[in-house]
Amino acid sequence: MRILLLSHAFNSLTQRLWCELAGRGHQLSLELDIADSVAEEAVALFRPDLVIAPFLKRAIPETVWSRHRCLIVHPGPPGDRGPSALDWAILRGEPRWGVTVLQAEAEMDAGPVWASADFALRPAGKGSLYRNEVTEAAVRAVLLAVDRVAAGDFVPQCVPGAAHAPVARADRAIDWQRQSTADILARIRSADGFPGVADSLFGEPCRLFDAWPEATLRGVPGELLGRRETAVCRATTDGALWIGHVRRDGGIKLPATQAFPQAAALPELALPGWWKAPAPTWQDIAYEEAGGVGFLSFEFYNGAMGTAQCRRLTEAFRWASGRPTRVIVLRGGGDFWSNGIHLNLIESADSPADESWANINAIDDLAEAVLRCETQLTVAALGGNAGAGGCFLARAADRVWARDGVVLNPHYRNMGNLYGSEFWTYLLPPRVGADGAAAIMSRRLPMTAAEAVACGFYDACLPAPGFAVDVARRAAELAAAPDFADRLAAKAARRAADEAAKPLAAYRADELAAMRRNFYGFDPSYHVARYHFVAKSPHSWTPRHLARHRDLDWKIPA
């Protein structure tokens with residue numbers, strides 16, 4: 001079928017559906033929901049058999065849904081109607097939730113249901129749930145709905161329900177002197193990603209994001225107890241919470257200690273080394289060992305890796321490579337493995353160009369440390385999405401295992417035609433060939449883990465259920481393999497041969513020469529694109545590589 005995706009943004013769910021539907025042979029095009037007239041024009045040009053709206057913030061115009069079958073992906077079970085569906089589910093502590101695919105009609109979310117899927121509501125932030133459980137349920141429901149539309153013999157039914165109002169500011173109001181850790185955590189989690197919970201720090205209004213429970217610290221409710229790296233810890237009535245990110249009024253979302261320099265006066269609540277803390281706490285880099293395998297986890301918000309984070313992770317990796325293990329698994333975080341350099345921190349710097357340069361060099365240092373590791377075999381285990389430099393940082397490992405369902409964006413050009421670094425010119429062509437590398441870097445489209453393995457970029461796509469257990473088992477088998485010494489020696493020989501042919505320093509210098517032009521050159525495209533990305537500027541047009549109906553050679557179907 002010809003399927004038009006109509007979406008507020010090309011977000012993680014929309015990208016996943018693009019990959020899944022394209023993989024099933026459907027002809028796709030996408031239009032960002034900018035205005036009614038734009039949607040009407042897209043339909044007229046593409047003449048879709050079906051319109052799917054994975055992520056909208058307003059209603060599809062009647063001129064579209066009254067003439068074409070339009071399916072809406074609603075992040076709630078059948079009968080749930082209205083905005084803030086997932087927000088309310090988290091606030092109410094629902095044990096299960098769901099996704100419904102329904103037909104657009106005059107009344108919002110009240111059309112006949114084509115498919116639905118449910119899931120257990122894990123205690124987590126809204127963004128994490130959306131990227132994982134909601135996305136998986138949405139994929140199941142959308143694919144079923146598309147099959148039913150294609151078959152032509154399914155009769156969708158309307159489900160009774162009542163519309164709820166948007167979550168108001170008062171619904172998420174925090175009272176540190178009265179509310180428990182669980183109450184405050186639910187409020188912040190319900191607003192994570194957007195819009196954040198309105199509160200104040202250091203006497204100044206802000207929005208809170210990225211909250212983590214603290215198991216051992218106590219204090220006067222509302223008191224700031226201390227800081228750790230980029231987060232601050234605040235006491236509740238029965239414990240404490242770590243606040244990782246905030247957005248000050250009129251500003252952009254930043255790590256808490258970066259947004260409020262006053263945090264430097266708080267006591268540093270450091271952990272003893274890289275080992276994973278025995279009790280729940282906020283720890284962005286953690287290390288564990290089992291069966292000859294070292295597991296290095298790094299939980300960086302939204303997968304963004306700032307200069308200091310890259311340097312600390314490089315230090316942690318070098319420390320881990322000195323441990324008596326045979327394999328090091330780079331686990332990343334639960335939602336993102338890595339998305340490369342930290343654009344928000346760069347935007348907030350006194351000199352964004354200088355901070356860009358420092359950040360790309362710091363992440364290159366990390367990639368080089370992984371590439372040059374001679375004491376262990378290394379594995380990148382991608383349980384979450386990855387983008388740009390994060391995709392190639394993972395490829396620096398000897399093996400890359402990705403969870404089925406992970407979405408990858410192994411390209412840089414969408415950020416103002418960035419050239420990219422992280423040794424991609426060394427790592428990518430041998431895996432996919434020169435033509436394959438050119439295609440991946442120029443087409444600027446997402447790919448699934450299965451696609452990455454099929455083209456040779458990554459090594460294995462592992463089932464989502466039990467991914468962490470499967471990774472641990474495979475890593476232990478790798479460490480215990482009888483030919484482990486031979487494998488390690490072969491790795492060293494390959495690296496020596498590659499170094500003799502062209503040193504890593506030469507690849508790095510070539511890449512950074514191009515990146516320097518991006519950062520300091522006359523073309524401001526990168527700085528403009530970064531600003532709009534960080535400021536979340538409204539879209540004014542749909543990129544042509546997504547809106548295929550707007551290609552110059554597009555012919556309107558008969």
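Okay, one definition before anything else: a cavity is a set of grid points where a 1.4 Å probe fits but cannot get out, and a residue counts as lining if it has an atom within 4 Å of one of those points. Also keep in mind that what you see above is a predicted model.

So, how many cavities of 30 Å³ or more does a search of the whole structure find? Three. Let's look at the largest cavity, which holds about 60 Å³ of space. Its lining is made of Ser12, Arg16, Arg131, Asn132, Thr135, Glu136, Asn385, Arg403, Gly405 and Val407. Two elements give two or more residues to that lining: helix H1, residues 12-23, and helix H5, residues 126-151. Which of them gives the most? That's H5, with four residues. And if you sort the lining by class, you get one nonpolar residue, five polar and four charged.

Stay with H5 for a moment. This helix has 26 residues, and from its first C-alpha to its last it reaches 35 Å, close to the 38 Å expected at 1.5 Å a residue. Where is the kink in H5 centred? On Val134, and the kink is about 40°. Just after H5 comes Gly152, with a positive phi near 80°.

Now over to the sheet. Six strands form an open sheet with mixed pairing, and the order is S2-S1-S3-S4-S6-S7. The edges are taken by S2, residues 27-32, and S7, residues 113-120; each has a single partner strand, so one side of each has no neighbour in the sheet. From one strand to the next, the twist averages 20°. If you want to zoom in, try S1, residues 2-7: six bridges join S1 to S2, and the two run parallel. There you can find Leu6 standing opposite Glu31 in S2.

Last stop, the second largest pocket, with a volume of about 510 Å³. Twenty residues line this pocket, and Leu371, Asp398, Tyr426, Arg494 and Asp498 are the ones nearest its centre. Helices H10 (352-371), H12 (424-427), H13 (429-443) and H16 (484-501) each supply at least two lining residues. Which helix has the largest share of this lining? H16 does, with seven residues. By class, the pocket lining has 11 nonpolar residues, no polar ones and nine charged.

To put the two linings side by side: the largest cavity has five polar residues in its lining, while the second largest pocket has no polar residues in its lining. That's my tour, thanks!

Note on methods:
Residues numbered from 1 in each chain as written. Predicted model: local features only at pLDDT ≥ 70, side-chain atom pairs only at ≥ 80, totals over all residues. Heavy atoms only, no water. 1 Å grid on protein atoms, 1.4 Å probe; cavity = no way out; pocket = protein on both sides within 12 Å on 5 of 7 lines; lining within 4 Å. Points joined across faces, edges and corners; volume = space filled by probe spheres on them. Nonpolar A, V, L, I, M, F, W, Y, C, P; charged D, E, K, R; others polar. Expected span 1.5 Å × (residues − 1). Bend = angle between axes of the 7 residues up to and from the residue. Pairing = 2+ DSSP bridges. Axes fitted to C-alpha atoms, helices over the stretch in contact; angles between N-to-C directions.
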